[in-house]
Structures are given as C-alpha cells and as structure tokens.
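Welcome, and thanks for taking a look at this one with us. Please have the sequence and the structure open side by side as you read the notes below.

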Amino acid sequence: MTSRMIPKTANTLETIQQSIASELRSLNERILLSLSSPNRMMNNIVEEYLRRKGKQIRPIMVLLSARLFSRTIGIRTISAAASVEMLHNASLIHDDVVDESKLRRGEPTINGIWDNHIAVLVGDFFTSTSLQLANETSDMRIVGALAGLGRLLSLGELDQIYNARFHRLSERAYMETIGRKTASLFVACARMGAYSTGADENDPRVESLCEYAEKLGLCFQITDDIFDYFPSKDLGKPTGNDLREGKVTLPLLSVLLDDSVPGHAEMLALSRKEQLSAEEVDVLMAYAVEHGGIDYARSVMAGLRDEAVEALSVFPDSEIKSSLVALLDYVISRSK
C-alpha cells in the first residue's frame, strides 16, 4: 500500500491565529469572565487550567465559520465559540478521571494535582458554563447544536467501548465511531459559527461547511490514532495505549481486514485477546506498520482532504476559505 501525498501549505496554525488575533483575545476574555466564581478554590484551579490552554482549534473553527458568512464577528459568535471550547474541555477533564491520567500533553491534570472528586466537579462546572454561554446567544439553534453534541460525544465513547469489548472489526464501524466521538465536535463548531451570524439553517452552504468540518474531524482522529504508533513526550500517553485498552484503530484495522497479508489468522486471533501483554502490543503494532497500515491511514486522510476541499467549493475564494484549507492541512500534518 502506498500513501497519497497531502499538499503542503505555507500557512501555519500560528498564521491562522494571527489573522483572527483580536477575536481570539475576545474569546479568552469571555472564557475567563464566564468561569469566574465566588469560590476561591475553583478560581485557582480555573486560572491554572487556562494558563496552559491548548491550540484552541475548535473555537478557531467557530470563528472561521462565522467569517465565511459575515465580515465581522459579534458577541454571539464569541459566546458560541466559548461554549464549545468549554464543553470540549469538560470532556477532557472527565476523560482524565476515567482514564486515571495524571498528565495531559506533559502537564499535570486536575485530578493529578487534586483528586477525582474535585476534577469531576470542575468538569461539571465547565459543562454548565458551556450551556450558559450557548443560552446567552439567544439562538435556540446554537443551544440545540451544543446539546446534540453532548449526546454524540457520549455515544461515540460508548461505541468505542462496545467495539473494543466485542471485537467489532469493521472500517465502517470505526468511521462511525470517530464520526461521533470526534468529528461531531467540528461539525457543531461549523454549524454554531454559521448560525451565530444569522445564517439560515436551510442555506445549502451551511451543510457544505458541515461536510468540510466532518472530514476535518475524521482526519483529526485518524492522525491521533497514528500518533499511538510513535513515541512522543508531548501527548501524555504511552505508545500502544489504544491497543492496551482493546481499541483497534485504522492502521491495524486495515491490515487485520486483509486476509491476504501473511500471518493474518494468527494476528487476528491475537488482536481478540481480552488482555494483551506489552510484548503482544508491540507485535501487533509492528505488524500494522510492516504491512502498510500507517500508509493506508494516511491515504484515507488524503481522500478525506480532497472531499473536504471540494465541499468548500461553494464558497468564493477568500482569505478565510484559504485559512480553512490551511487548518485542514495542519490537522493532517501536525506532529502532536
């Protein structure tokens, strides 16, 4: 199997961030204000958490989506972007509790610094703040998109557990799962950004933008799944972590579904063991890499990229449209 080349772009995430720098400043001011509380402990935890905020790709997606439909960004868009960022962070905080993770991208987690009880309460506080911010847009379409997103994220995680527990090896099942657990977040960002400018939900351009966002989200998760095959100090989880949890992602899945690959029956049986040793995890990972699993995953992303760019063709060429393509290429080619 050979991977298709993904075009390089001169733009970087930093370039995109600079193009909407004033909007991002307003976003972070809104987030800080919305999380302010009379509880000193909560304020200290929030201040430390926000100090090491991530790349904010999801709220950037909201802001860029809004700019496709409007030259200016108002408070409704800022609140919509802040709400989706809060829900995303709430899910990360709760994930760290479930996974008993003490580090995320090299930084201590809330449960690592404090304990699970406090981390769950902070996650709940973020979730409630997210809903409050969405409500402040006075657009029930935005509130509905956020509420629907919460359901999809939960179902996606349950899909992943079901697939792992019952060894459901199917590329379609894999794509459906990552569509819910990851891509749904990017679709919600696109929809909320468009709605925040007053866009009509029946405008076909909204659905085209959502199609782009779905492909972007799928690529984001496939890239993360590829990371699991290579060591990195920045990701906060060991290599092979997915397999240890019983998750067969696209690189290995593509090889296990090809019964013409040497050793197929033996590796398929091994992948279905209830508990894998460290040595068995290494064997399966090496098997996936040796027989083109990484190349296959990258070729799938190249196809998704083409579909995403085509979905944007309904919009005239502009700096914002170029930024969306650059964001897509960043997601695919990022190193962490």
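A good place to start is D203, which pairs with R205 in a salt bridge whose closest N and O atoms are 2.8 Å apart. Keep in mind that this is a predicted model. Across the whole structure, a search finds 18 salt bridges, and a few of them are picked out here, followed by a surface patch and some single residues.

**Salt bridges**

- Within the D203 and R205 pair, D203 is buried, at a relative accessible area of 17%, while R205 is partly exposed at 32%.
- The buried label fits D203 because its 17% falls under the 20% cut-off.
- Another salt bridge joins E307 and K215, with 3.2 Å between the closest N and O atoms.
- E307 belongs to helix α15 (residues 293-311) and K215 to helix α10 (residues 204-227), so this pair ties together parts that lie 92 residues apart in sequence.
- On the E307 side the residue is partly exposed, with 39% relative accessibility, whereas K215 is buried at 13%.
- R76, D139, R141 and E201 are joined into one network by salt bridges that share partners.
- D96 and R104 also meet through their side chains, in a salt bridge of 2.9 Å from N to O.
- Here D96 is buried, with a relative accessible area of 6%, and R104 is partly exposed at 31%.

**A nonpolar patch on the surface**

- Which residues form a nonpolar patch on the surface? They are L152, L155, L158 and I161, and together they have about 340 Å² of accessible area.
- One of these residues, L158, sits in helix α8 (residues 140-165).
- L158 counts as exposed because its relative accessible area of 53% is over the 50% cut-off.

**A buried serine**

- Is S130 buried or exposed? With a relative accessible area of 1%, S130 is buried.
- S130 is part of helix α7 (residues 116-135).
- Leaving aside residues up to four places away in sequence, S130 touches S83, M86, L87 and L146.

**Spanning the model**

- T15 is located in helix α1 (residues 13-19) and is partly exposed, at 33% relative accessibility.
- How far apart are T15 and L158 in space, C-alpha to C-alpha? The distance is 37 Å, and the two residues are 143 residues apart in sequence.

Definitions and conventions
Residues are numbered from 1 along each chain as its sequence is written. This is a predicted model: local features need pLDDT of at least 70, side-chain atom pairs count only at pLDDT 80 or more; totals for chains, interfaces and linings use all residues. Side-chain values use heavy atoms; hydrogens and water are left out. Patches are made of residues with over 30% relative accessible area and no salt bridge: like charges are joined within 9 Å, nonpolar side chains (Val, Leu, Ile, Met, Phe, Trp, Tyr) within 5 Å. Accessible areas come from the Shrake-Rupley method with a 1.4 Å probe; for residues, only the protein chains shown count as cover. A salt bridge is a side-chain nitrogen of Lys or Arg within 4 Å of a carboxyl oxygen of Asp or Glu. Helices (H or I, at least four residues) and strands (E, at least two) are DSSP runs, numbered from the N terminus. Buried means under 20% relative accessible area, exposed over 50%, partly exposed in between (1.4 Å probe, protein chains only). Contact means heavy atoms within 4.5 Å.
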